[in-house]
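The following exercises ask the reader to work from a general description of a protein chain to its local details. Each task is followed by a worked solution.

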Amino acid sequence: MTLDLPLPVREALTRLEDAGYAAYAVGGCVRDHVLNKTPHDYDICSSARPEEMQKVFANERTIETGLKHGTLTVLLQGMPLEITTFRVDGAYSDGRHPDSVQFTARVEDDLSRRDFTINAMAYSPARGFADPFGGREDCGRGLIRCVGDPAARFGEDALRILRALRFSSKLGFPIHEATDRALRAGKEQLCHVSRERIAVELTGLLQGKDAGKALKAYPDVIAVVLPELTPLMNASKWPLILDTIDKCPNDLYLRWAALLSGCGEKTARDVLKSLKMSVKIMDTVSTLVAWQDTDLTPHTIQEMLMRVGPEETGLLIDLRLAKRLAEGKEPEEAAMGDAEALKEKLRALLQENACYTLGQLAVNGKDLAALGLSGPALGETLHALLLRVVRNELPNDREALLLAAK
Ligand code: ATP
Ligand code: MG
């Protein structure tokens with residue numbers, strides 16, 4: 001079996017080999033090739049030390065990503081390649097970071113520190129596969145299995161517990177029995193993992209093709225990282241929520257909104273805040289949760305634009321469609337047709353520059369002040385005019401609006 005690596009990757013490997021070092025593509029990119037998927041990035045590992053890599057790529061643009069840990073990023077023909085020296089990690093006394101890293105000359109040692117067999121493969125056109133833990137076999141069977149003793153590996157870094165769920169969701173693979181047992185037994189250790197790292201893996205899990213299945217199979221693990229969801233996971237609407245997640249397009253905001261749709265706006269925001277998510281994510285997701293049950297018709301789209309904005313209106317259409325599909329009370333074509341009509345109307349409104357903000361209104365504060373309005377009454381009148389415009393009760397026309405204001 002040979003892998004068809006992109007040209008810049010081959011070139012990096014060849015240059016390292018020509019300088020006398022071993023070099024392989026490694027990790028996710030090898031797994032994706034073996035699974036016939038397109039990798040989104042390429043990592044390289046090599047026996048070269050960081051300062052030796054710097055000499056090999058002296059004429060290229062490099063970024064000193066993590067020299068202490070042996071990582072240099074090299075830009076070859078526009079492709080960023082992360083090159084890391086073969087290393088073994090020292091003890092994880094805090095269950096989060098290795099206390100030290102130690103460089104090694106053997107690729108097998110480097111692979112032994114990696115989390116799952118499917119992620120512990122390396123490939124080089126010159127040297128072939130390094131696959132000491134049966135990664136190719138597990139790719140073929142479709143299994144998530146720890147490298148080495150699962151309990152020990154989760155003890156070193158409890159984030160791997162969530163990573164197992166993330167890969168299970170992303171690839172649609174079940175988790176090997178011993179790995180499954182160990183991750184359930186070790187789940188409480190997730191309390192010591194940083195919330196930012198947890199957020200990354202949870203988001204990956206939610207965006208996987210089997211998100212609903214993974215959440216359904218591991219409520220005990222989810223409860224440790226998202227205790228706010230415990231009441232919901234025991235409620236009768238939980239299966240519907242899982243189905244809604246799966247019916248949502250693979251979008252960060254939609255998947256989080258679907259997960260938190262049974263929680264209420266405030267709890268949704270609190271959950272995302274506890275995960276140290278960005279303000280943009282908190283705002284968008286909590287808006288979607290708040291408005292999820294508002295009926296949308298082509299006539300009310302312009303008002304929704306005013307209330308939540310264009311991006312959120314589009315997402316709301318998708319979320320409401322996913323909910324209808326999950327409920328399954330009507331033919332899918334009917335729900336999908338309605339959503340398409342709403343999207344069409346949304347596109348048309350944006351294209352014709354329809355008014356949905358105060359700034360677009362044909363009158364402004366000065367105009368109303370000239371009519372003798374001031375203070376709160378002025379602001380309220382402007383808002384009332386905007387509302388009548390978005391409801392199509394008034395044209396966005398200066399004369400008409402001034403008359404109405406009077
Ligand atoms: P994706 O395609 O989703 O990015 P990936 O396999 O590249 O998947 P990353 O999180 O980018 O996943 O990690 C890159 C590689 O580093 C993994 O394939 C794995 O070999 C190793 N790795 C990452 N995190 C850990 C960890 N916590 N413990 C052990 N190995 C890890
Ligand atoms: Mg990756």
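**Exercise 1. Overall architecture**

How many helices and how many strands does the chain have?

Solution. The model is a predicted one, in which local features need pLDDT of at least 70 and side-chain atom pairs count only at pLDDT 80 or more, while totals for chains, interfaces and linings use all residues. Residues are numbered from 1 along each chain as its sequence is written, chains are lettered from A and ligands numbered from 1 in the order in which they are written, and side-chain values use heavy atoms, with hydrogens and water left out.

Step 1. The chain has 22 helices and 9 strands. Helices (H or I, at least four residues) and strands (E, at least two) are DSSP runs, numbered from the N terminus.

Step 2. The C-alpha trace spans about 85 × 55 × 40 Å along its principal axes.

Step 3. Of the 406 residues in the chain, 49% are buried. Buried denotes under 20% relative accessible area, exposed over 50%, and partly exposed the range in between (1.4 Å probe, protein chains only).

Step 4. The domain assignment, an automatic or database one, gives domain 1 (1–141), domain 2 (144–225), domain 3 (247–354) and domain 4 (358–405). The centres of domain 1 and domain 3, taken over C-alpha atoms, are 40 Å apart.

**Exercise 2. The sheet and strand 4**

Determine the strand order of the sheet, then describe the pairing and burial of strand 4.

Solution. Step 1. An open sheet is formed by 7 strands in the order 3-4-5-2-1-8-9, with mixed pairing. Its edge strands are strand 3 and strand 9 (128–130), each of which pairs on one side only. From one strand to the next, the twist averages 30 degrees; axes are lines fitted to C-alpha atoms, for helices over the stretch in contact, and angles run from 0 to 180 degrees between N-to-C directions.

Step 2. Strand 3 (residues 61–66) pairs with strand 4 (residues 71–76) in the antiparallel sense over 4 bridges; two strands count as paired if DSSP finds at least two bridges between them. Opposite Thr-71 of strand 4 stands Gly-66, and opposite Thr-73 stands Ile-63. The two strands form a hairpin with 4 residues between them, and Gly-70 in the turn has a positive phi of about 90 degrees.

Step 3. Strand 4 also pairs with strand 5 (residues 79–85), again in the antiparallel sense, over 6 bridges. Leu-72 stands opposite Ile-83 in strand 5, and the bridge partner of Leu-75 is Pro-80. This hairpin has 2 residues between its strands, with Gln-77 in the turn at a positive phi of about 50 degrees.

Step 4. In a regular strand the side chains alternate between the two faces of the sheet. In strand 4, Thr-71, Thr-73 and Leu-75 lie on one side and Leu-72, Val-74 and Leu-76 on the other, and all are buried. Hence 6 of the 6 residues of strand 4 are buried.

**Exercise 3. The surroundings of ligand 1**

Which residues come nearest to ligand 1?

Solution. Step 1. Ligand 1 has 14 residues around it, a residue being near if one of its heavy atoms lies within 4 Å. Arg-31, Asp-157, Arg-160, Arg-163 and Arg-166 come nearest.

Step 2. An oxygen atom of ligand 1 lies 2.8 Å from an N or O atom in the side chain of Arg-163. For the side chain of His-40 the corresponding separation is 2.9 Å, and for a polar backbone atom of Gly-28 it is 3.4 Å.

Step 3. Taken alone, ligand 1 exposes 590 Å², of which the protein buries 79%. Accessible areas come from the Shrake-Rupley method with a 1.4 Å probe; for residues, only the protein chains shown count as cover.

**Exercise 4. Two helix residues**

Is Thr-313 buried or exposed? Is Ala-384 buried or partly exposed?

Solution. Step 1. Thr-313 belongs to helix 18 (residues 310–327) and is buried, with a relative accessible area of 0%. A polar atom of its side chain lies 2.7 Å from the backbone oxygen of Gly-309.

Step 2. Ala-384 belongs to helix 21 (residues 375–390) and is partly exposed, at a relative accessible area of 39%. Its C-alpha atom is 12 Å from that of Leu-402, 18 residues apart along the chain.

Methods: Polar contact = N/O pair within 3.5 Å; in protein donor to acceptor, adjacent residues only side chain to side chain.
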